[in-house]
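Work through the exercises below with the model open. Each task sentence is followed by its solution in steps.

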Amino acid sequence: MHSIWAVAINTIKQALRMKVAVVFVILLAVLLPAMGVSATGDGTLKGRLQTFVSYGLSLTSFLLCLLTIIVSIYSLTSDIKQRQIYTVITKPIRRFQLILGKLLGVVLLDIALLALFSATIYAITVYTPRFFDVPKDEITQTENEFFTARAGLTPIEVDVTKQVVDAYNKLEKSGQLDRLFRSLSREEIIARLTTRKRLENRAAAVGHELIWEFDKVEPLDPNQSLFIRFKYDVSLTPPDLQVYGKWVVGDLRQIRYGTKWETSIYDFDRKDSIGTFHEIEAPADAVAKDGYLAIGFLNIPLNNTVVIFPLEDGLEVLYKADTFTSNFIRAVLLILFRLIFLACLGILASTFLSFPVAILLCLVIFFTASFSGFVIDSFNYLSENLSALYSYTLRPVIALLPQFDKFSPTKHLLSARLLGWSLLAEAAGLMVCIKAVLLLLLALLTFSYREIAKIIV
């Protein structure tokens, strides 16, 4: 362990002597405070903070990723090129200790720099509201929609399989399938009928109501608020593009079964525009002690149209499940996981490639992993005509990508969504415990068989 630690310390000193490392550190030290002052967003306090956190964390992650690639590759390739490796491997240090020491040094440097600049971003974010004179409603909005970590629950979809099969058989017997669904396969027809039936369950005719029930709603503090986020679609567009609605939030079992009221039930009369998102704030004590919550919507006769809640984002219950600080720390850990992966990738590339080629390889993998969702969708589209080639050649390679965009830290912070420990564990398992460890093992194996120098007689 002493040998590994000595190599790690030497790697850190070597990295600090690199001009590119100094440039990156200075850039972050200058740009982060400047962005904190200049970021405006949509003009609101919430928009200003969202813009700063988005650009600040993205810039920090990008520059540290590049620095990790450069340092991890240069650390070993420079020793080999300058023949300093001869004096190292002739000492009582084994090759695997050298590789582990290099990796440890890069990771420790990443942890130190990431902790420094993420703390800078956090401090600027937390103290920014104190330097701007903003209305009280903006401060409240920022507290509820940014400085928090909200969990989201969507309604459980009702199983409409039997209804869809009955509808398909009825159309088939009446001979209307060809007229209504020309040139579509049975699977495509079933899919369309399923979507239609699911929408029917989320549509309220004039004078009718919809009720959604949720279990396991666990607000962090019952004295705070929960939010019902919704969006309207309509069958007939109103002249003023507005929809009237009566909402009820609480434990509706008390009304349904006539039980003793233990929690409050809240009514809201609303008028909201169609096609845009809105939020209703309700006290969190509307949730029953067993975590049950019901939400009711009545389409009042003033509308004269059917009101529809879209399938994907029509309705969602949001409640505070954790603090902004905890969410921010978990987001920073996501960045650390990708840095560890890139450090292992750089170490592997440096064991058998020259510095320029290794840099090129790592940059290609890095940028591909940053847009892995787009890459996978593109290959899935191409696989319709090249299914065999894709399945046996490209698919295994794509599966090795770390998928950085899937585990985006800013996606959760900007929308104030809870970045749960389960997602963090999944990212750690995939990027670090499986893929990074696999790269490290390959690096150890490759370097153990590499010929450092030839004996010439």
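**Exercise 1: a surface patch**

V30 is exposed, its relative accessible area being 52%; exposed means over 50%, buried under 20%, and partly exposed in between (1.4 Å probe, protein chains only). This is a predicted model: local features need pLDDT of at least 70, side-chain atom pairs count only at pLDDT 80 or more, and totals for chains, interfaces and linings use all residues. Residues are numbered from 1 along each chain as its sequence is written, and side-chain values use heavy atoms, with hydrogens and water left out.

Task: Find the helix that holds V30 and the nonpolar patch that V30 helps to form.

Solution:
- Step 1. V30 sits in helix α2, residues 19–38. Helices (H or I, at least four residues) and strands (E, at least two) are DSSP runs, numbered from the N terminus.
- Step 2. V22, I26 and V30 make up a nonpolar surface patch. Patch members have over 30% relative accessible area and no salt bridge; like charges are joined within 9 Å, nonpolar side chains (Val, Leu, Ile, Met, Phe, Trp, Tyr) within 5 Å.
- Step 3. Together the three expose about 260 Å² of accessible area, by the Shrake-Rupley method with a 1.4 Å probe; for residues, only the protein chains shown count as cover.

**Exercise 2: salt bridges within helices**

Task: Place the salt bridges of K162 and E200 in their helices.

Solution:
- Step 1. Recall the rule: a side-chain nitrogen of Lys or Arg lies within 4 Å of a carboxyl oxygen of Asp or Glu.
- Step 2. K162 pairs with D166, closest N and O atoms 3.2 Å apart. Both lie in helix α7 (residues 161–174), four residues apart, about one turn of the helix.
- Step 3. K162 is exposed at 62% relative accessibility. D166 is partly exposed at 39%.
- Step 4. E200 pairs with K197 at 3.7 Å between the closest N and O atoms. About one helical turn separates them, because they are three residues apart in helix α9 (residues 186–200).
- Step 5. E200 is partly exposed, at 44% relative accessible area.

**Exercise 3: a bridge between distant parts**

Task: Which residue forms a salt bridge with D313, and how far apart are the closest N and O atoms?

Solution:
- Step 1. The partner is K231, at 3.5 Å.
- Step 2. The pair links distant parts of the chain, 82 residues apart: D313 is in the loop between β10 (307–308) and β11 (315–322), K231 in strand β4 (residues 225–231).
- Step 3. D313 is partly exposed at 29% relative accessibility. K231 is buried at 15%.
- Step 4. Elsewhere, D251, R253 and D290 are joined into one network by salt bridges that share partners.
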